[in-house]
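Me: I am new to this structure and would like a close look at a single part. Please take the surroundings of the ligand, then show me how that part sits in the rest of the chain.

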Amino acid sequence: MSRHDARPDVRDPRAATGASEAQEPLEPALSAAAQVDPRLLTGTRRHACFITFEGIEGSGKSTQIARLAERLDDAGEPAVVTREPGGSPLGRRLRSLLLGGEIARIEPIAEMLLYVADRAQHLREFVEPTLASGTHVLCDRYLDATLAYQGHARGLDLELIRRLHETPPLDRRPHRTILLDLDPELGLERALRRNEERRIEASEGRYEREALGFHRRVREGYLSLAEAEPFRFRIVAAEGSTDEIAARVADLLSDLFPALDGEDGS
Ligand code: TMP
């Protein structure tokens, strides 16, 4: 794990910041700001940013998120990396149930509610206290994953998922979402190769076993979410070298982090 990987089992932000469980972590001003065009925050931003990364399997999110964390740290903008599912002790148990092979079939609505449970715990225990401490949070998957996978691909009601996310702490919205877009055939091939290399098929292979049509629906779902919220989303072509993609990502965040402007991404 990289030095930037601050998932709670690795680096507890409360230990670093002195924030306590009892501290009220929600910042109404930030929540409200997150509903508006984040470009309005440019130049006057005083709050930490919540940036999410989304994409199909094998789109290279984890690599890109680690690169961005490194560049932000170098630029004097400390950022921590976390993920869903699995960004809290409860979440790690849920992740193994959701992605592992122990339970062969999970009813779609049960699956969706488990992702939402993971998110509520993650927000309350990790994301909100970290943002309140002034540290940026880079999150590998968030609400859009539930909309794309459980909504668009599995066919659950999108409005039901959205309504659940109107209740605190689930009403937190990212300042910016980077969608790493890739042909699902290519993505699946990469993901299966990676799983084989790391021998993680048995513990985390649930979605890689889905048919190609499922992954096409996920991709289309993500693209339609991005089209509906152009202020929040930035679509990045996830083809090319890691450096090239990192440069594209940095470019698309330079309005929120001026220190990233003009760097070459390497
Ligand atoms: P990861 O391997 O990128 O960490 O993703 C974990 C898997 O969880 C991925 O296949 C997508 C799935 N997922 C959902 O289906 N819904 C969700 O809400 C989230 C957060 C992840």
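How do the residues of the shell around the ligand divide into nonpolar, polar and charged?

Reply: This is a predicted model. The shell holds 6 nonpolar, 2 polar and 6 charged residues. There are 14 residues around the ligand, and the nearest are Y115, A145, T146, Y149 and Y207. Helix α6, residues 143-153, supplies the largest share of this shell, with 4 residues.

So much for the shell itself; now follow helix α6 away from the ligand. The largest nonpolar core has 44 residues. Helix α6 gives the most to this core, 6 residues. Four members touch the most other members: V137, L138, A148 and V249. Take A148. Beyond its neighbours within four places in sequence, A148 is in contact with A153, V218, G221, Y222 and L225.

Just before helix α6 comes a loop. This loop runs between β3 (136-140) and α6, and R141 is found there. The phi of R141 is near 80 degrees, a positive value in a residue that is not glycine. Most residues other than glycine have a negative phi. Is R141 buried or exposed? R141 is buried, because 23 other C-beta atoms lie within 10 Å and the cut-off for buried is 20 or more.

Next, helix α5, residues 108-132. The buried residues of α4 pack against α5. Helix α4 covers residues 89-99, and its buried residues are G91, L94, R95 and L98. Seen down the axis of α4, these buried residues fall within an arc of 110 degrees, so they line one face of the helix.

The loop ahead of α4 deserves a look too. P85 is in this loop, between β2 (79-83) and α4. The peptide bond from E84 to P85 is cis, with omega near -5 degrees. A second cis bond joins P168 to P169, with omega near 5 degrees. P169 lies in the loop between α7 (158-164) and β4 (176-181). Most peptide bonds are trans.

One more loop shows how distant parts of the sequence meet. S59 sits between β1 (50-55) and α3 (61-74). S59 is buried, since 27 other C-beta atoms lie within 10 Å. Which residues does S59 touch, not counting those up to four places away in sequence? They are L180, L182, G187 and A238. P184 is 125 residues from S59 along the chain, yet their C-alpha atoms are separated by 8.7 Å.

Now step back to the whole chain. The chain has 11 helices and 5 strands. Of its 266 residues, 40% are buried. Consider the contacts between residues at least 6 apart in sequence: 80% of them join residues at least 24 apart.

Last, how far does the predictor's confidence reach? The average pLDDT of the chain is 84, and 79% of the residues score at least 70. Over residues 1-44 the pLDDT stays under 50. For that stretch the model has 65 contacts beyond four places in sequence.

To return to your chosen part: helix α6 gives 4 residues to the shell around the ligand. Helix α6 also gives 6 residues to the largest nonpolar core.

Technical notes:
Residues are numbered from 1 along each chain as its sequence is written. This is a predicted model: local features need pLDDT of at least 70, side-chain atom pairs count only at pLDDT 80 or more; totals for chains, interfaces and linings use all residues. Helices (H or I, at least four residues) and strands (E, at least two) are DSSP runs, numbered from the N terminus. A residue is buried if 20 or more other C-beta atoms lie within 10 Å of its own, exposed if 12 or fewer, and partly exposed in between; C-beta atoms are placed from the backbone. Two residues are in contact if their C-beta atoms, placed from the backbone, lie within 7 Å. A residue is near a molecule or strand if its C-beta atom, placed from the backbone, lies within 6 Å of it. Ala, Val, Leu, Ile, Met, Phe, Trp, Tyr, Cys and Pro count as nonpolar, Asp, Glu, Lys and Arg as charged, and the others, Gly among them, as polar. pLDDT is the predictor's confidence in each residue, from 0 to 100. A nonpolar core is a set of buried Ala, Val, Leu, Ile, Met, Phe, Trp, Tyr and Cys residues joined through C-beta atoms within 7 Å. The arc is that of the directions from the helix axis to the C-beta atoms.
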